[in-house]
Amino acid sequence: MRRISIFGATGSVGEQTVDLIQRAGGREAFQLVALTGGQNVARLADMARELRPEIAVCADPAGLPALRERLVGTGVAVAAGPEAIAEAADRPADWVMSAIVGAAGLVPGLRALAQGATLALANKESLVTAGPLLMATAARHGARILPVDSEHSAIFQALVGEDITTVERIILTASGGALRDWPMERLAKATVKDALAHPNWAMGQRITIDSASMFNKALEVIETREFFGVLPDQIEVILHPESLIHSMVGYCDGAIMAHLGAPDMRHSIGYALNWPRREALPVARLDFAAIGSLTFRAPDPARYPALGLAREVMARRGLAGAAFNAAKDVALDWFLAGKLGFMAMAEVVAETLSVLDRDFGPENVIMSLADVLAMDQAARLRAAEIAARLGERGQR
Ligand code: NDP
Ligand code: MG
């Protein structure tokens, strides 16, 4: 039986992974190794009761007594805290879903690769913060990374049977998020509620706001560069409000391979789960006559400054991705707390990148985990100072 672990099982991607595993036969069909959650101990315990993993781990140590109590008599071991999550990733598994949100996903992903597991990677932050380290760790241990982000799964599928050196361009599609049709002058005043009203995709809170600001697309541009090894100039972003084309690959003969499907993450999660085979998936089928038309437009750089910042990060490489991700995280926290304006998030990130500029190191060196974590910390401190200043300006 295939041994499977799910990191971030209680989140949006994690729940959809569990759904597919249940539909494929649950614990009759898979041997569950580790399930992890953050704060939602009740949901983690319910999942563990059904799937009976070897161990259930919550990130929050305060949740441990409740987790233990809920799993009494099940034979499921329990643990808590970041180190316990990393140790759970050391447990031998064939397939590991990396669906923790944020920089906390990096270490468990690296540890899973180091034991040779196939890593289904939803946690794009790990490639953005430490792409060269992640890819080198996979290569060293003969482990494989399968993309789960819908765009990268689409690109991966459009590359099947092709030679990567014949790729001319990769075109990432973007919905434009909740505020794409708002007049520019209103954007500065957008609230959390406004930014959470995503037109097409149901996702976790942080990524939904990152979609509205296009920080999500910025992370994905960097993720594309790191995962597929193409040059920054080969990566394009196009607004496609219908979210039916998940991304495209353009080849040297002018041909474009596009991946289409309903906007449902179980598509790309299922592709990674069943790879290299295709299996039936419970996703809606497209009716082109009902759809009628697909539309496209160029993203406005003034509306989406995050896209320009991604270009800067790719030009600098080294630890710039770690700084970018950390600063974005802090800016998002401040926005979520109502203490920073929507457009000021990009200002916080831009200023953090420029003050830390000289510390990013050479562009092509595989960084150490310690360097990445140190940059993450340094950038968080700087970004918080900048956010405090810009947030105060916004209150006046
Ligand atoms: P959610 O916020 O819905 O879920 C995040 C998961 O991580 C939850 O299980 C949460 O636990 C857990 N978690 C949160 N903080 C920590 C921490 N510090 N340590 C360990 N675990 C933690 O996120 P999504 O599912 O939306 O996203 C997960 C990842 O997948 C992100 O990297 C995102 O960018 C990426 N992704 C998501 C897509 C989507 O459709 N949702 C699409 C493409 C990529 P709990 O809830 O119990 O607190
Ligand atoms: Mg995506």
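**The magnesium site and the ligand 1 pocket**

In this predicted model, the magnesium ion (ligand 2) is held by three side chains: Asp149 (OD), Glu151 (OE) and Glu220 (OE) coordinate the ion at 2.1 to 2.2 Å. Read along the chain, these donors fit the spacing D-x1-E-x68-E. Asp149 is buried, and Glu151 is buried as well.

Turning to ligand 1, the shell around this molecule counts 25 residues, with Thr10, Ser12, Gly38, Gln39 and Glu125 coming nearest. Sorted by class, the shell splits into 12 nonpolar, 10 polar and three charged residues. Some of the polar contacts can be spelled out. The side chain of Thr10 places an N or O atom 2.7 Å from an oxygen atom of ligand 1. The backbone joins in too: a polar backbone atom of Gln39 sits 2.8 Å from an oxygen atom of the ligand, and for a polar backbone atom of Asn40 the distance to a ligand oxygen is 2.9 Å. Ligand 1 on its own would expose 890 Å², and the protein buries 82% of that area. Two helices, α1 (12–23) and α6 (124–140), are the elements that contribute two or more residues each to the shell.

As for where ligand 1 sits relative to the domains, the shell draws residues from both domain 1 (2–147) and domain 2 (162–263 + 285–395), so ligand 1 lies between the two.

Notes
Residues are numbered from 1 along each chain as its sequence is written. Chains are lettered from A and ligands numbered from 1 in the order in which they are written. This is a predicted model: local features need pLDDT of at least 70, side-chain atom pairs count only at pLDDT 80 or more; totals for chains, interfaces and linings use all residues. Side-chain values use heavy atoms; hydrogens and water are left out. Donors are N, O and S atoms within 2.8 Å of the metal (3.2 Å for Na, K and Ca); water is not among the atoms, so sites may look incomplete. Buried means under 20% relative accessible area, exposed over 50%, partly exposed in between (1.4 Å probe, protein chains only). A residue is near a molecule or strand if one of its heavy atoms lies within 4 Å of it. A polar contact is a pair of N or O atoms within 3.5 Å; within protein, one must be able to donate a hydrogen and the other to accept it, and residues adjacent in sequence count only if both atoms are side-chain atoms. Accessible areas come from the Shrake-Rupley method with a 1.4 Å probe; for residues, only the protein chains shown count as cover. Helices (H or I, at least four residues) and strands (E, at least two) are DSSP runs, numbered from the N terminus. Ala, Val, Leu, Ile, Met, Phe, Trp, Tyr, Cys and Pro count as nonpolar, Asp, Glu, Lys and Arg as charged, and the others, Gly among them, as polar. Domain bounds come from an automatic or database domain assignment.
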